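Subject: A structure for you to look through

Hi,

Here is the structure I promised to pass on. Have it open while you read, and turn it around as you go.

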Amino acid sequence: MPPQRLLRSFLFLWVVTGVALLYGSVATATSALQTGAHVNPHLVLLASVEAVAAILFLIPRMMRIGAVALLATIGVAFSVHAALHEFRADLLLYGAVVLFVMIHGSLTHDPFRAAFARTA
């Protein structure tokens, strides 16, 4: 069993990344919808898919499906920004963290309990 600090750190990284991506995607969709007559349906769709993916990413049994969807949406967003000559290092960072969490896998019951167990 990994050390408790490592389990807590991984869980913190997973949750913070999922919540940050959820918040950002909801903010993007809301902003795109509030632009008035020039609503960009592609941006709203991408942000909505990303929001659903972020929710799935936060659910242990659905984490891998959410991670794959997040990687796809992050890849699309990075490509669009690159085509507009904008370098988005934050998207690379989000992608790296999502990939790391996906490869590691969600915490099973015992490691999850160990993360919150009281140490003697």
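Below is what turned up, from the overall layout down to single residues.

First, a caution: this is a predicted model. The average pLDDT for the protein is 90, and 98% of the residues score at least 70. Confidence peaks in helix 3 (residues 63-83), with a mean of 97, and drops to its lowest in helix 5 (residues 109-116), with a mean of 73. As a rule, coordinates should not be read in detail where pLDDT is low.

**The overall layout**

The protein has 5 helices and 0 strands, so if you list the elements from the N terminus you get α-α-α-α-α. Along the principal axes, the C-alpha atoms fill a box of roughly 60 × 25 × 20 Å. There are 120 residues, and 29% of them count as buried. Take the contacts with a separation of 6 or more: 68% of these come from residues 24 or more positions apart.

To get a feel for distances, try His104 and Leu45. These two are 59 residues apart in sequence, and their C-alpha atoms are 29 Å apart in space. His104 belongs to helix 4, and it counts as partly exposed because its relative accessibility is 45%.

**The core**

Which residues have the most contacts inside the largest nonpolar core? They are Trp14, Phe57, Leu70, Val98 and Val101, in a core of 20 residues. Helix 1 (4-33), helix 2, helix 3 and helix 4 (89-104) each give this core at least two residues. For background, nonpolar side chains tend to be buried together in soluble globular proteins.

Trp14 is a good place to zoom in. Setting aside neighbours within four places in sequence, Trp14 is in contact with Phe57, Leu58, Pro60, Met63, Val101, Ser106 and Leu107. Two of the names from the core list, Phe57 and Val101, turn up there again.

Now move along to Thr17, which is found in helix 1. Is Thr17 buried or exposed? It counts as buried, because its relative accessibility is 6% and the cut-off for buried is under 20%. Its side chain reaches the backbone oxygen of Leu13 at 2.7 Å. Beyond residues up to four places away in sequence, Thr17 touches Phe57, Tyr94, Val97 and Val98.

**The charged residues**

How many salt bridges does the structure hold? Just 1. Asp90 forms a salt bridge with Arg88, and the closest N and O atoms are 2.6 Å apart. Asp90 counts as partly exposed because its relative accessibility is 33%; Arg88 also counts as partly exposed, because its value is 27%.

Glu50, in helix 2 (residues 41-58), is another one to look at. Glu50 is buried yet has no salt bridge. What is the nearest side chain of opposite charge to Glu50? That is Arg88, 8.4 Å away. A salt bridge needs the nitrogen and oxygen within 4 Å, so Glu50 and Arg88 do not make one. Not counting residues up to four places away in sequence, Glu50 touches Leu21, Ser25, Leu70, Thr73 and Ile74.

If you want somewhere to start, click on Trp14 and pick out its contacts, among them Phe57 and Met63. Then go to Glu50 and find Arg88 from there.

Cheers

Note on methods. Residues numbered from 1 in each chain as written. Predicted model: local features only at pLDDT ≥ 70, side-chain atom pairs only at ≥ 80, totals over all residues. Heavy atoms only, no water. pLDDT = per-residue confidence, 0-100. Helix = DSSP H or I, 4+ residues; strand = E, 2+ residues; numbered from the N terminus. Buried < 20%, exposed > 50% of the residue type's maximum accessible area, 1.4 Å probe, protein only. Lys, Arg positive; Asp, Glu negative; His and termini not counted. Contact = heavy atoms within 4.5 Å. Core = buried A, V, L, I, M, F, W, Y, C linked by side-chain atoms within 4.5 Å. Polar contact = N/O pair within 3.5 Å; in protein donor to acceptor, adjacent residues only side chain to side chain.
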